[in-house]
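Me: I'm new to this one, so let me ask some basic questions. Could you show me what we're talking about first?

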Protein chains: 2
Amino acid sequence: MPVKLSAPAASALLPVKGVQLGFAQAHIRKPNRKDVLVITVPENSSVSGVFTLNRFCAAPVTVCKAHLKQQQGIRALLVNTGCANAGTGQQGLDDALATCIGVAQALNISPEQVLPFSTGVILESLPMDRLLAGIAPAVANLKEDNWLNAAEAIMTTDIVAKGTSRQLTIDGQSVTITGISKGSGMIHPNMATMLGYIATDAAISQAALDRIIQHAVNKSFNCITVDGDTSTNDSLILMATGQAGNAVIEEDSAEFVRLQEALTAVAVELAQAIVRDGEGATKFMTIQVEAGQSEEECRKVAYAIAHSPLIKTAFFASDPNLGRILAAIGYAGIEDLNVNTMQLYLGDVLVAEKGGRAASYLEAQGAAVMQESDILVRVVLNRGAANATVWTCDFSYDYVKINADYRS
Amino acid sequence: MPVKLSAPAASALLPVKGVQLGFAQAHIRKPNRKDVLVITVPENSSVSGVFTLNRFCAAPVTVCKAHLKQQQGIRALLVNTGCANAGTGQQGLDDALATCIGVAQALNISPEQVLPFSTGVILESLPMDRLLAGIAPAVANLKEDNWLNAAEAIMTTDIVAKGTSRQLTIDGQSVTITGISKGSGMIHPNMATMLGYIATDAAISQAALDRIIQHAVNKSFNCITVDGDTSTNDSLILMATGQAGNAVIEEDSAEFVRLQEALTAVAVELAQAIVRDGEGATKFMTIQVEAGQSEEECRKVAYAIAHSPLIKTAFFASDPNLGRILAAIGYAGIEDLNVNTMQLYLGDVLVAEKGGRAASYLEAQGAAVMQESDILVRVVLNRGAANATVWTCDFSYDYVKINADYRS
């Protein structure tokens, strides 16, 4: 079960002026589930995207990048679950483009104004007949008050729908931000088998929005890992409709900073929700590495801990077998690490220092922290001023079960 | 259960002239199991070692390196299971040295002539009273015909004892090689939570033996992974007693090459045995990456596949969900990889080419290969002449169970 995470109420996901969402049950892979989503934004919206670094990126990712580059003004997004359209060669690209044409015809826009997204099984082709047939019903139920349905329509192995909203005032105008995400396994920075869509009605320049999405993703989706697998399909899209009535926000203004903070907070909540709903997760772990020489080395240590199956299974068992954390720190790749000057904390408890168990440490203290469902692991390297934080979950029987059964 | 692996018969592990082995039940962690091993070699033996690169290396590793450097002529090895003496600070170093003194007194040699080894739980101190008390009974039953007992005495979560022998003729003399190893989890190159001891009665110079151990470890223990965790205690020791009667082998002679081949074959068999007995393993996978630009990039791809929990769970389920392999190839870190020119084979079956599923591929073919317990995954990068091979196992419920329960 997800760790301290439940689906938002429909009323908690606030409409964003100008953004409409419509879904369909198109039987992409399984019957009777929402599996097609169309999102539309008005003319002159700003839209930015960040995508997977996987060399085997899916066909829709390639098409998204091309369409964003053409700057025709993005007007619609099409998402399907059930099939990732990845590892599908030229046919996959043709299919992704054909879906854009389908949406364009239904909305009377051009195909270059459509961004396509797919998530699901790799190495299989899209069921084009069913997907194209799903576009009309999705377009038919487009409305602003449809975010929870949209969040449900993009789920794959997710147990709960993920979404959140924020409101702030800019230029005396109420600005709304609402975002949804999906993802549960094949989750790794850069980015995750995840899709994320965040919309705001703020007016903001394209350049400013491009800056914000990079900042937001670095502080959120690039800080999470479930299993260390980087997906072929990861995409995060940030949309701004400009209908809130504020003056257009430019880079580095006070309003820019405030909107960036709010959008980043939404991204962090959506990213953490993915970890809390990590496949088989029973615990949510924050790995905080402090006082390193560079953010990069802090991230190396944090990810060595966050990726270790031995550590993740020990957390699943609530077993304070903390030597495994020391081992991971030791193999994280810091060549000149002095193990005698660093400290390891579990929650507030000092576990190790001077290369070994802290004199004050009692196993009962570690065991008590391990009983919590949200656990902080703190590593203080004592060799610099840089920090990094990574969020991950434990590794349970159910992770194996889910991934051994996923296709069947 | 181990994948096509059973313990060797006692008679299959051939005595090596000059090497004696003795064990004890010292209740290091659990009662009634062999957990202390002493190995002795005669004067003027050559001994080489390769050790973990983990910065949090265990105290005995530090002591081993120091003693090998002092070149006093290694005469004895002491191994205990149950406690790794890692993450134990200065106390751990003092304890490791004290065990060397204990063995030295029992054998009338100097402490610098003793190499200590520990494996087991990290972050706990050695139970020195019980360990020191175990030395006398182990020394009392030293004999040449004791290799299977020795293999059993170094097991931790291993299900079966691991050992093998080879014989060859050099200078008309019969030369024997016998090796044992342990390891099952926390297995990763450089090296593994593994201990390996290989002895030969061949006469060989120290320089030549140092060359051979590097070659052997690169072709064997540095090619295996179970869970990607690099242990604090990994050690491989190569001993040559010189009692076979051959002329001393120097580097790059024909005899050097033959002995290197035979010793490497023993190392490969011992390394593969660790994977076959990998925690929870039900399948043995050979990941062979061919036609890369460098061995390094081939290894990157091989390890990306071998470490992916998603791939390992799919193999556990015998599910030919092979898109996950494409995803791993895509995130392995080759920046300029052209996914349209590479091929993926499962056994003899061409699965993917031209960036997608091969036209000839039938799911039934993949499913048939997945039913085997030994599976070859072949990636042909078609961008160079370099190759690399990695051996690994699948990821099952039992991996989680074993590692969630290990300490309790």
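Me: How many salt bridges are there between chain B and chain A?

Reply: Zero, going by the count between chain B and chain A. Keep in mind that this is a predicted model.

Me: What makes Asp374(A) and Arg276(A) a salt bridge, then?

Reply: The rule wants a side-chain nitrogen of Lys or Arg within 4 Å of a carboxyl oxygen of Asp or Glu. For Asp374(A) and Arg276(A) the closest N and O atoms are 2.7 Å apart, so the pair passes the 4 Å cut-off. This salt bridge ties together distant parts of the chain: Asp374(A) sits in strand 15 of chain A and Arg276(A) in helix 6 of chain A, 98 residues apart. Over all chains, the rule gives 24 salt bridges.

Me: How do you know how the two copies are related?

Reply: Chain B lands on chain A after a rotation of 180° with 0.0 Å of shift along the axis, and the RMSD is 0.1 Å. The copies are therefore related as by a two-fold rotation axis. They also use the same surface, as 100% of the contact residues of chain B recur in chain A.

Me: Which residue of chain B comes closest to the rotation axis?

Reply: That's Tyr397(B), with its C-alpha at 2.7 Å.

Me: What makes up the contact between the two chains, in numbers?

Reply: On chain B, 57 residues are in contact with 58 residues of chain A. Together the chains bury about 4,700 Å², with 61% of that on carbon and sulfur atoms. The interface also has 14 residue pairs in polar contact, counting those with both residues at pLDDT 80 or more. Helix 11 of chain B gives the most to the side that touches chain A, namely six residues. By class, that side of chain B has 28 nonpolar, 16 polar and 13 charged residues.

Me: Why is the pair of Phe316(A) and Tyr397(A) called edge-to-face?

Reply: Ring centres have to lie within 6.5 Å to pair, and planes over 60 degrees apart count as edge-to-face. Here the centres are 5.4 Å apart and the planes are at 90°, so edge-to-face it is. The pair joins helix 8 of chain A, which holds Phe316(A), to helix 11 of chain A, which holds Tyr397(A), across 81 residues. A search of the whole structure turns up five aromatic pairs over all chains.

Key
Residues are numbered from 1 along each chain as its sequence is written. Chains are lettered from A and ligands numbered from 1 in the order in which they are written. This is a predicted model: local features need pLDDT of at least 70, side-chain atom pairs count only at pLDDT 80 or more; totals for chains, interfaces and linings use all residues. Side-chain values use heavy atoms; hydrogens and water are left out. Copies are superposed by least squares on the C-alpha atoms of residues with pLDDT of at least 70 in both. Contact means heavy atoms within 4.5 Å. Buried area is the accessible area (1.4 Å probe) that two parts lose on being put together, summed over both. A polar contact is a pair of N or O atoms within 3.5 Å; within protein, one must be able to donate a hydrogen and the other to accept it, and residues adjacent in sequence count only if both atoms are side-chain atoms. Helices (H or I, at least four residues) and strands (E, at least two) are DSSP runs, numbered from the N terminus. Ala, Val, Leu, Ile, Met, Phe, Trp, Tyr, Cys and Pro count as nonpolar, Asp, Glu, Lys and Arg as charged, and the others, Gly among them, as polar. Rings of Phe, Tyr and Trp (its six-membered ring) pair if their centres lie within 6.5 Å; planes under 30 degrees apart count as stacked, over 60 as edge-to-face and the rest as tilted.
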